[in-house]
Structures are given as C-alpha cells and as structure tokens.
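Biologist: Before I accept any label attached to this model, I would like to hear the reasoning behind it. Could you take me through the terms one by one?

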Amino acid sequence: MTKQIAAFTVNGAEREAIIEPHMLLIDVLRDQFALTGTKYACGTGDCGACTVLLDGKPSLSCLILAVTAIGKSILTIEGLAEGPELHPLQQSFVDEGAIQCGFCTPGMILSAKSLLDENPDPSLDEIRHALAGNLCRCTGYVAIFNAVQAAAAAMKTDSTGTEARP
Amino acid sequence: MHRVLLPFEFAEPTTVRGALALIDGEKTRALAGGVDLVLRMRLRQVLPEKVVSLQKLPHLDYVRADDLGLAFGALASLRQLEASRAVREGWPLLAEAIGSIGSVQVKVQGTGVGNLCVGTPASDVAPALYALGARVRLTGLADEREIPIEEFFLDVGKTAVRPHELVTEIVVPRPPAGSGAAFMKLAKTSEDIAKVNVAVMVSVGDGAYADVSIALGSVAPTPLRAVEAESLLRMAPVGEAAGVGNPAGAAAANRVSPALEATGNPVSPGLEAAAQAAAQAAVPISDVRSTASYRKEMVRVLVKDALARATARALAGRSDVQAPGGVS
C-alpha cells in the first residue's frame, strides 16, 4: 500500500486526504485539514501538546501513523465549541486563568474532556492523574485543576437541565 | 529527532496467520500501540522497510481472569490492564507498576505486550511480571510455545521472539493467599524511564516467609530476579525480618511515596541482608540518568523498602490498589 485517498472522521465530519503510510496523524490534521489547534512540541510523547481524542481516548497524534486512524473518530480542539459558544471546559479555562501562552491548552482540554466523559465528578487527585501526560510550563497547574473542577460543576448543572445548553 | 518518518511499506493484516507470514525478520517491524516504535523511527534508530500493524487483529485486546490466573492478549493496552478491576484486586503488583507510568496517553496507546517486546530492561511492567512468575505465549506459523518471562528477555533490545512469530498472550498465575507485593521506582520524572525499579512479592505463613520473589529493572541488560536475596529471606521469621510491630512498619503499607523516606523504621537485619544481596546481583551501567554505583545503592534502598511494604501488606491482608485517576 502506498499513496491512498483516505477518509477520516474528524470532529464529526467526513474528511478526505491523500496519505502515505509514513505520514503522522498530526501532520495530516495540521497540514491537510488546516486544524492547527493541535500542537507539535516534544515529538517524543512526553508533553501531550499533540493530544487528540481517538474514539474518545486521549492519544498522541505525533506518535500515531495517520493510516491507523482511518475509521476512528478523531476529535480535535476545533470540534469542541458549538458555533460561537465555547465548550464548558474552554470557558472555564478562560475564566480561571488556566491559559497563559496557550500552547498546552488544546491537549490539556482534550485530556480533561476524556476524563469528564468517563468520570463526571472527579476528585482533585483523579484530575491530576488524568492530566499527568500534559505538561504546562506557564500556569503551574493549579489554575488548570480549578478550571477542570469548575467545568465539571458547570456540566453537571447543564445535565440536570437547570441551565440547559443546546 | 526528525519531524518526518522515512517511507516504508505498510500492511494491516486481519488474521494472526496473515501477520505471521509478513513478519519476516529484522527489516520488518510489528506495530501495536506504536509509542516506542514510531518514536524510534523518528529518532532514526529503527528504519524498517515494512511495518505490519497488529491493530486490526481481532480478539487480542482481552484481559481475562479466573481462579487459576490472569491472561491478557497482545493488544490489551496498559490503561486497560491498569483499570481492570480483576487486575487491581488479584494482581495489584501489576496495576501498581503500570500506575507508575505517568502519561495517560502513553497508557492508552501502549500495550502490555508491546512494552515487553521493546526488550528494554527499564520496562516497568517486566519486573512486576518477573515477580509474579508470568509466562509468555508465542505463536508461530507452525506452532505455539510458552516460556517463562525470564527466558523472554535476552539482552538490551533483544527478546526471544523469532521471525514469523508474535507474542500473543501473557499468562500470570494467581498470587498465593497471604501474599503481599510492592513495586517501587526511582526516575527523574514520572514521564521518564526508571533509573532503578523493583518489584517484590512475599508470602507469609506461620510467622515466616514462605516464599519471596524479588525482581530488579534497569540495572542489568535484562530485568532479573535477585535469587540470592530471595533465598536469604525464604523461611526467615517475618517479625524480625520486617521489623513488624513497630508503627513505622505498619504505616509503610499505605505510604504514597515512601521511596526514600520509608526507612524511618529501625533497620531490620533480615531485610537489610536481602537488600544488600540484591544490590550485589545488580550490574548496572552509568549513563545520563545515574551512575552505576548510585543505581546499585538504590537497589539496596528500594528492595528494603519494597520488602517492608510488601510484608506489611501481606500481614494486613490488603491486596487491592486504588483505581487509577479518572476510572470510575
């Protein structure tokens, strides 16, 4: 198998790209789909900046061959907001000052989303463990943990319908 | 570090037979989670002509436990193993070892079998499986074989896997009743590989050590069992050896990170002697992470602490570990 037209499911939409087996998922996302929210940093699986959700699970797009992501559901940071309305995690990162330079934020938020999808009411320790694979060099993490807790609370309010969000 | 991979042929077989036929030697690499392989391809340490993905092989991502033991397939992820209730309750040593790997992403992508097949003596999974007496099942085109994990690791980066062969399953016997275990590791950060790691399991009966296994990682070309140290403790009385009865010893069972400070309890002669024997068994190298002499000394410290903790756990009858963060 060499060059092929591959169909990916990215942020709920079908997207096609011409790929070769040696292409990395991060490059297809950034260069072919212009989804530059996914960041490239360490390239070694240490920093988590390239994290996307593959079938809901946090995955390192810089260490994944694009060809192996065919048929899986890919969620990048661009897929979180609904139109102009930010996802509760995005909003709480803004509100809590959990963003400074912002480079780790997409990966951080996607790891947090995967956590909240599995466990809507995580303890601080569970949040720490869930974000252990995402490095931030600006905020010192406290604001980030606060933001995840705030988002968890906001999403719970949402799901009980008191402050329904479409 | 290179941004781009060099081209290779790619295949995604859907049967084990199909995969075995394709995996024909040095120039071909099997891809499971890819955490190690893709990284080393980017570092250009590995330049395969052909990559055979195992991800489409059906029914290999299982984690199964029964009265006899635990079995997991070639595609069971580290995260699956860590989160498995059966593993946490029945083989807490394995869950503890995997829990020492920080990154969720690495555990989601990486497989238990892939971790072993890298052949690195710094594997966190391997010492736990050594201490638990695990066996490795290899499937070839003509036959299957099952070997003790000690025979699987041959040298740095070298395992017993032959061309046209795959590790399809790891089998782990159930630890005996009255046993306790502990995994401890020293590393630069939770993301870095171990400078030294140790896994120990002890069974206690009638106030003595009925059985002891001590496995060391990152201090020799392969993981290894500290056989001398084990025989020093076997049949030795527990109270004396573990310093049980003093509060610090009991507290050691539940410490979160006692790596360097759990030794607050008075040195117990039995454990100290075993720990020294374990240090003698280590033949570490000096590298960017540590000097050889420091690693040897840390084997002594970690083995002593791990034995104290495992003994306290055995006596407390506590055999589970907490669920990893985020798993409900």
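Modeller: What follows is a discussion of salt bridges, burial and a domain boundary in a predicted model.

Biologist: What makes the pair E82(B) and K107(B) a salt bridge?

Modeller: The closest N and O atoms of E82(B) and K107(B) are 3.2 Å apart, and the criterion asks for a Lys or Arg side-chain nitrogen within 4 Å of a carboxyl oxygen of Asp or Glu, so the pair qualifies.

Biologist: Why is this pair said to tie together separate parts of the chain?

Modeller: E82(B) belongs to helix α3 (residues 78-83) of chain B and K107(B) to helix α6 (residues 104-109) of chain B, so the pair joins parts that are 25 residues apart in sequence.

Biologist: Why are E82(B) and K107(B) called buried?

Modeller: The label requires under 20% relative accessible area; E82(B) has 4% and K107(B) has 3%, so both count as buried.

Biologist: Which label, buried or exposed, goes with R85(B), and how do you know that R85(B) forms a salt bridge with E89(B)?

Modeller: R85(B) has a relative accessible area of 55%, and because exposed means over 50%, R85(B) is exposed. E89(B), with 42%, is partly exposed, since that label covers the range between 20% and 50%. The N to O distance for R85(B) and E89(B) is 3.2 Å, which satisfies the limit of within 4 Å and therefore makes the pair a salt bridge. Because R85(B) and E89(B) are four residues apart in helix α4 (residues 85-90) of chain B, about one helical turn separates them.

Biologist: What makes R225(B) and E150(B) a link between distant parts of the chain?

Modeller: R225(B) lies in strand β14 (residues 224-225) of chain B, while E150(B) lies in the loop between β7 (144-148) and β8 (153-155) of chain B, 75 residues apart. Their closest N and O atoms are 3.4 Å apart, and the pair forms a salt bridge. R225(B), at 25% relative accessible area, and E150(B), at 34%, are both partly exposed.

Biologist: How many salt bridges does the whole structure hold, and which residues are linked in a network?

Modeller: A search over all chains finds 27 salt bridges, and R135(B), R137(B), E144(B), E146(B) and E169(B) are linked in a network of them.

Biologist: How many salt bridges, then, are counted between domain 1 of chain B and domain 2 of chain B?

Modeller: The count between these two domains is zero salt bridges, although three residue pairs are in polar contact. Helices α1 (16-22) and α2 (35-42) of chain B each give at least two residues to the side of domain 1 of chain B that touches domain 2 of chain B, and α1(B) gives the largest share, five residues. That side has eight nonpolar, two polar and four charged residues.

Biologist: What area do domain 1 of chain B and domain 2 of chain B bury between them?

Modeller: They bury about 1,100 Å² between them, with 72% of it on carbon and sulfur atoms. L20(B), I23(B) and V35(B) supply 43% of the area that domain 1 of chain B buries against domain 2 of chain B, more than any other three residues.

Terms used. Residues are numbered from 1 along each chain as its sequence is written. Chains are lettered from A and ligands numbered from 1 in the order in which they are written. This is a predicted model: local features need pLDDT of at least 70, side-chain atom pairs count only at pLDDT 80 or more; totals for chains, interfaces and linings use all residues. Side-chain values use heavy atoms; hydrogens and water are left out. Buried area is the accessible area (1.4 Å probe) that two parts lose on being put together, summed over both. A polar contact is a pair of N or O atoms within 3.5 Å; within protein, one must be able to donate a hydrogen and the other to accept it, and residues adjacent in sequence count only if both atoms are side-chain atoms. Ala, Val, Leu, Ile, Met, Phe, Trp, Tyr, Cys and Pro count as nonpolar, Asp, Glu, Lys and Arg as charged, and the others, Gly among them, as polar. Buried means under 20% relative accessible area, exposed over 50%, partly exposed in between (1.4 Å probe, protein chains only).
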